[in-house]
There are 2 protein chains.
Amino acid sequence: MKSLFIQRLAIIGVGLIGGSLARALKERDLVGEVVGVNRTRDSLARAMELGVIDHWTTSAAQGVRGANLVVVATPVVTIPRIVEDFASALESGAVVTDAGSVKGTVVGPCEAMMPEGVHFVGGHPIAGTEFSGVEASFATLYEGSRTILTPTERTDPEALELVRQVWEAVGSRVETMDVSTHDRVLAATSHLPHLIAYNVVNTLSDLEDDIRAEVFRYAAGGFRDFTRIASSDPAMWRDICVANRESILDILHRFRDALEVLTQRVQDGDRDGLYGTFARSKRTRDGILLSHKKPVESE
Amino acid sequence: MKSLFIQRLAIIGVGLIGGSLARALKERDLVGEVVGVNRTRDSLARAMELGVIDHWTTSAAQGVRGANLVVVATPVVTIPRIVEDFASALESGAVVTDAGSVKGTVVGPCEAMMPEGVHFVGGHPIAGTEFSGVEASFATLYEGSRTILTPTERTDPEALELVRQVWEAVGSRVETMDVSTHDRVLAATSHLPHLIAYNVVNTLSDLEDDIRAEVFRYAAGGFRDFTRIASSDPAMWRDICVANRESILDILHRFRDALEVLTQRVQDGDRDGLYGTFARSKRTRDGILLSHKKPVESE
């Protein structure tokens, strides 16, 4: 295994995710120079001031010239279009990866656009905070996180190894999964809980005025934990819903069907049915926590 | 306002809730003697050993003799039946309160059973841990908690004041609410989130084997927070669903209707609709947290 060093790294989308990766690699002296690409100059100027990047351009095609590794860390729905913008400017031997939280709409199209001798590896670092932008980036964001890579039969083994080394170097535990499994797993573990939390908050907002006031007065505690994720970036979640539509619809339908059964049991005052429902959930949840002690951030 | 001292306190149901109240009042020298009533001798013997109670009996009617204050801290569905068992043994001037997390099925029937000169006050200390039983009880459980009292037009003002003083003395912030408002507010802020969390866990359990294994492997992080409450006592939640059936059905139907709209937006790839849904939720949730800083445990 070659020791990791990226001579020239291009970060397309210098925000929380891209900026934190650049910081983490720089701090470890694992990168020669970092080129940042954003649509706006202001954020790039700020990234320069913060020392997150060494050069900047608003042109992705210019930014990727001479880059050994290109990391696309823009909103997930924009990734294929941006890759198309710069694909022809990539130099042979370059590796391109992304940080999108949905893979089905990204990996196939991006692989297909790679020129001869350039390899794409789909990636999803599962990390984040409630903040966004390069100002919010920090070198330790990925420590203790997980990153899922989604190789296909077309994936170059050396390119996969390079991307794995990059994420491991910044403290992330890397696992691989096929594209479809990734999207279904994330729909269940991350996208469903987010949509549910948004929906709980909106349900309470729609209560009649008198009761809503009391509800929000009493809602600060358990509600705060439960709906923490309902403060996430609306644009990101809109994009995830668009990009992972099929898997999200599938899990939403399953959730709805289970909720119908539960609601019927409440309606019927079905004591045994209710006990069974809750006891099963408790056994499952307690079992998961016993077998997986390590905490991981979800997105 | 008279200074608080309970000559003889009867705790019916010496578990986490009743035991912690007894401990807290004893620690502050606010009680003369505590009589504990449970169905089983073993738990009473343990409560004696722990110094939580001074006397015990398995007969509620015996236990309440000579008591100035009776606190019924048994499962919510059992409260009216237990009060019926001991009501005729209450002495004039006694005050009876409860700690049930639903009030509609408790307050009316219990008020109606009070003999001349005895007063009932509905109460709900919003506190708890994931553990139960007298072994789990501790004197500081109520510090920083909220207690909701639900007076009616029949409630004696002095009895209400006594119960308020008791909960305030052990560190709880006391608020009053009418019975129906209490049950609707708790359905929205506590019962709905619990049922949703149970339902999320069961939905994931029902996934196909291959995907379920991955889901539970990745589910340890955000999932852990989100579904913490799905480890709550199944019997308690069965009882709450039975006791607060109408308010729970109402909020479940509202939640389901909102989820249908959201699901349709995902189905349609309705970007503006999705953004609007998420942005509204984020505004609401951020607004609540801004205006209510104090954390409160939910049950």
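These exercises concern the contact between chain A and chain B, and a strand-helix-strand unit in each chain.

The model is predicted: local features need pLDDT of at least 70, side-chain atom pairs count only at pLDDT 80 or more, and totals for chains, interfaces and linings use all residues. Residues are numbered from 1 along each chain as its sequence is written, chains are lettered from A in the order in which they are written, and side-chain values use heavy atoms, with hydrogens and water left out.

**Exercise 1.** Describe the interface of chain B and chain A.

Step 1. Count residues in contact (heavy atoms within 4.5 Å). There are 89 in chain B and 89 in chain A.

Step 2. Take the buried area, which is the accessible area (1.4 Å probe) that two parts lose on being put together, summed over both. The value is about 8800 Å², and 64% of it lies on carbon and sulfur atoms.

Step 3. Look for salt bridges (a side-chain nitrogen of Lys or Arg within 4 Å of a carboxyl oxygen of Asp or Glu). Six join chain B and chain A. One salt bridge links Arg254(A) to Glu208(B), at 3.0 Å from N to O.

Step 4. Ask which helix supplies the most residues to the side of chain B that touches chain A. Helices (H or I, at least four residues) and strands (E, at least two) are DSSP runs, numbered from the N terminus. The helix is α7(B), with 18 residues.

**Exercise 2.** Explain how far apart Arg164(A) and Glu168(A) lie along their helix.

Step 1. These two residues form a salt bridge, with their closest N and O atoms 3.9 Å apart.

Step 2. Both belong to α6 (residues 157-169) of chain A; because they are four residues apart there, about one helical turn separates them.

**Exercise 3.** Trace the path between β8 and β9 in each chain.

Step 1. Strands pair if DSSP finds at least two bridges between them. In chain A, β8 (residues 146-149) and β9 (residues 173-176) pair in the parallel sense over four bridges. Leu149(A) stands opposite Thr176(A).

Step 2. From β8(A) the chain runs through α6(A) to β9(A), a right-handed crossover. Right-handed applies if, with the strands pointing away from the viewer, the path from the first strand over the helix to the second runs clockwise.

Step 3. In chain B, β8(B) and β9(B) pair in the parallel sense over four bridges. Arg146(B) has Arg173(B) as its bridge partner. With α6(B), these strands make a right-handed β-α-β unit.
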